[in-house]
Amino acid sequence: MLDSNKIHTVISTLNPPTPEVHAAQDNLIRASAQSSTVKRFIPSEWGIDWTADDEHLPIPWKLLKSRSRDLLAQYPPTTLEYTIFLNGYFMDYFGMPHYQSYMTPETPFVDIDARKAAIPGSGDDPVVWTLTRDVAKFVRKMVESKEAWPVFSTVVGDAVTINEITKVAQDARADLRAGKVSEIPAYVKLYNVFPKEMVLEMMAGLGVGMITGLFNFAGEELLNQKFPDVSTAKMREFIMEHWNGK
């Protein structure tokens, strides 16, 4: 199918991170490497460096992503070139349901709709947030680029702390309350999609990742610098646009 449709670049967005889904991606990687037309592959990582150790990222299913990455590394660039997008957390979640997004609703730590927040650590750690449509702009730039791909393609939409997001949410909705809690109403909605244990484990692990700096790309070489014509959404304006007065 890849050859008959003359596919040159495969972009994987397979989700959720289950063994079955990652087995499907690994099969797609092998098929791409065997194809006579496919030359480039972007795996479904879209976030941070999921290979970080347990001290920085205590999430069991990250090992599935490591397996796909190891498989890609087996092929020389002349057979299959790849790049892994690091874009932090998706900003879309803070505009939903008022912002049209194709992401499964997921509210990381600040539930603007329910006016509650669960703060990981001090809440003052810088975290990168990028809108999916802005990530797509950079993906297009990389697909069109004739230059050799780096292993990592890092983009920053905006870098703000959970406390700063909470403050903007309070400005938009007046009586949002923040506290050191493990569960917010938005997580309960996810239980229809993922098991409760998986949701709480994921959010706890991602909170550790924020505290330990995995979501802070300061000092990294960014695609924002390579493609300065690409503009990105900023968190405060995004939240105020979709929540102010609601």
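Visitor: Which residue in β10 stands opposite Val127?

Guide: In this model, which is a predicted one, the residue opposite Val127 is Val160 of β10.

Visitor: How do you know that β8 and β10 count as paired strands?

Guide: Pairing requires at least two bridges between the strands, and β8 (residues 127-130) is joined to β10 by three bridges, so the requirement is met. These two strands run antiparallel.

Visitor: What makes β5 and β8 a pair, and in which direction do they run, parallel or antiparallel?

Guide: Two bridges join β5 to β8, and because at least two are needed, this pair also qualifies. The two strands run parallel, and Tyr89 stands opposite Trp129 of β8. Strands of a sheet pair through backbone hydrogen bonds, and both parallel and antiparallel arrangements occur.

Visitor: Why is the pairing in this sheet called mixed?

Guide: The sheet is open and has three strands in the order β5-β8-β10, with mixed pairing: β5 and β8 run parallel, whereas β8 and β10 run antiparallel.

Visitor: What makes β5 and β10 edge strands?

Guide: Each of them, β5 at 89-90 and β10 at 158-160, pairs on one side only.

Visitor: How do you know that both faces of β8 are covered?

Guide: In a regular strand the side chains alternate between the two faces of the sheet. In β8, Val127 and Trp129 lie on one side and Val128 and Thr130 on the other, and all of them are buried, which means that each has under 20% relative accessible area.

Visitor: How many of the residues in the whole chain count as buried by that cut-off?

Guide: Of the 246 residues of the chain, 51% count as buried.

Visitor: Which helices and strands make up the chain, and why is the chain called as compact as a globular protein of that length?

Guide: The secondary structure comes to eight helices and eleven strands. The radius of gyration is 19 Å, and because this is close to the 18 Å that the globule rule gives for 246 residues, the chain is as compact as a globular protein of that length. Along its principal axes, the C-alpha trace spans about 60 × 40 × 30 Å.

Notes. Residues numbered from 1 in each chain as written. Predicted model: local features only at pLDDT ≥ 70, side-chain atom pairs only at ≥ 80, totals over all residues. Heavy atoms only, no water. Helix = DSSP H or I, 4+ residues; strand = E, 2+ residues; numbered from the N terminus. Rg over C-alpha atoms; globule rule 2.2 N^0.38 Å. Buried < 20%, exposed > 50% of the residue type's maximum accessible area, 1.4 Å probe, protein only.
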